[in-house]
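Student: I would like a close look at a single part of this model, the sheet, and at what is packed or tied to it. Please take it slowly and in one piece.

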Amino acid sequence: MKSTEEKLLIETIVSFGKTANEMIKLLALEYKIDLSERFPFAKLMSRQNNLWKGSLNTNWSYWFHGDACDFENLQTKQYLHVKINRESNYGAIDNFYLFKFMQTTDSLKHAYEILKSEKVFYEILANLEKKKIIINIDEWPLKTLILNKKYDV
């Protein structure tokens with residue numbers, strides 16, 4: 001049985017995954033990128049062509065760095081950090097950035113009110129991992145956590 005905190009964190013992870021995939025699709029559409037390619041964002045990650053940062057429609061800015069792309073809504077200040085190196089697993093969880101996503105997402109304010117302690121947030125994440133609700137899809141020593149598909153709503 002899941003606690004209220006666990007349910008709120010799963011809701012946050014589902015919202016994050018949905019938003020991450022929407023933004024990746026928007027980026028792919030804007031730059032005519034085939035997401036089925038092995039390294040679909042190679043041309044955007046290059047600093048040579050100035051495509052590594054920019055804006056999508058009028059609401060979002062994006063910038064690539066390392067193995068991720070960050071997005072920020074210019075009106076709401078919603079912040080989204082998406083790992084792009086995991087072959088279409090755009091909902092990979094980074095504890096710090098998932099917490100920041102929850103903090104800056106208006107539809108998750110109710111979750112933030114309950115999970116606003118980073119210590120509690122991280123403890124619940126660890127507990128979800130122990131319960132196999134969050135799973136590692138990488139090989140040791142690397143770690144790429146995603147929501148177990150049977151819990152994805």
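Tutor: What follows goes through the sheet, then the helix on it, and then the salt bridges.

This is a predicted model. The sheet is open and has four strands in the order β1-β2-β3-β4, paired antiparallel. The edge positions belong to β1 (53-56) and β4 (79-83); each has a single partner strand, so one side of each has no neighbour in the sheet. Ignoring direction, neighbouring strands are turned by 20° against each other on average.

Within the sheet, β2 (residues 60-65) and β3 (residues 68-73) run antiparallel and are joined by six bridges. To place one residue in this pairing, take W63: its bridge partner in β3 is D70.

Helix α1 packs on this sheet and touches β1, β2, β3 and β4. The direction of α1 makes about 75° with that of β4.

The loop between β2 and β3 is also tied to an edge strand. D67 forms a salt bridge with K83, with 3.9 Å between the closest N and O atoms. D67 lies in that loop and K83 in strand β4, so the pair links parts that are 16 residues apart in sequence. The two ends differ in accessibility class: D67 has 32% relative accessibility and therefore counts as partly exposed, while K83, at 16%, falls under the 20% cut-off and counts as buried.

Helix α1 has a further contact, with a helix. α1 (residues 4-30) and α5 (residues 118-130) pack at an angle of about 85°, and their axes are 10 Å apart. That angle makes α1 roughly perpendicular to α5. On the α1 side the contact is made by E5, E6, L9, I10 and I13, and on the α5 side by F121, I124, L125, N127 and L128. By class, these residues are seven nonpolar, one polar and two charged.

Helix α5 also holds a salt bridge of its own. The side chains of E123 and K119 meet at 2.8 Å, N to O. Both residues lie in α5, four residues apart, which is about one turn of the helix. E123 is partly exposed at 43% relative accessibility, and K119 is exposed at 59%.

Another salt bridge joins K116 and E113, whose closest N and O atoms are 3.5 Å apart. K116 is partly exposed, with a relative accessible area of 45%. In the whole structure, the search finds six salt bridges, including the one between D67 and K83.

Conventions
Residues numbered from 1 in each chain as written. Predicted model: local features only at pLDDT ≥ 70, side-chain atom pairs only at ≥ 80, totals over all residues. Heavy atoms only, no water. Axes fitted to C-alpha atoms, helices over the stretch in contact; angles between N-to-C directions. Helix = DSSP H or I, 4+ residues; strand = E, 2+ residues; numbered from the N terminus. Parallel < 35°, antiparallel > 145°, perpendicular 65-115°, else oblique. Contact = heavy atoms within 4.5 Å. Nonpolar A, V, L, I, M, F, W, Y, C, P; charged D, E, K, R; others polar. Pairing = 2+ DSSP bridges. Salt bridge = Lys/Arg side-chain N within 4 Å of Asp/Glu carboxyl O. Buried < 20%, exposed > 50% of the residue type's maximum accessible area, 1.4 Å probe, protein only.
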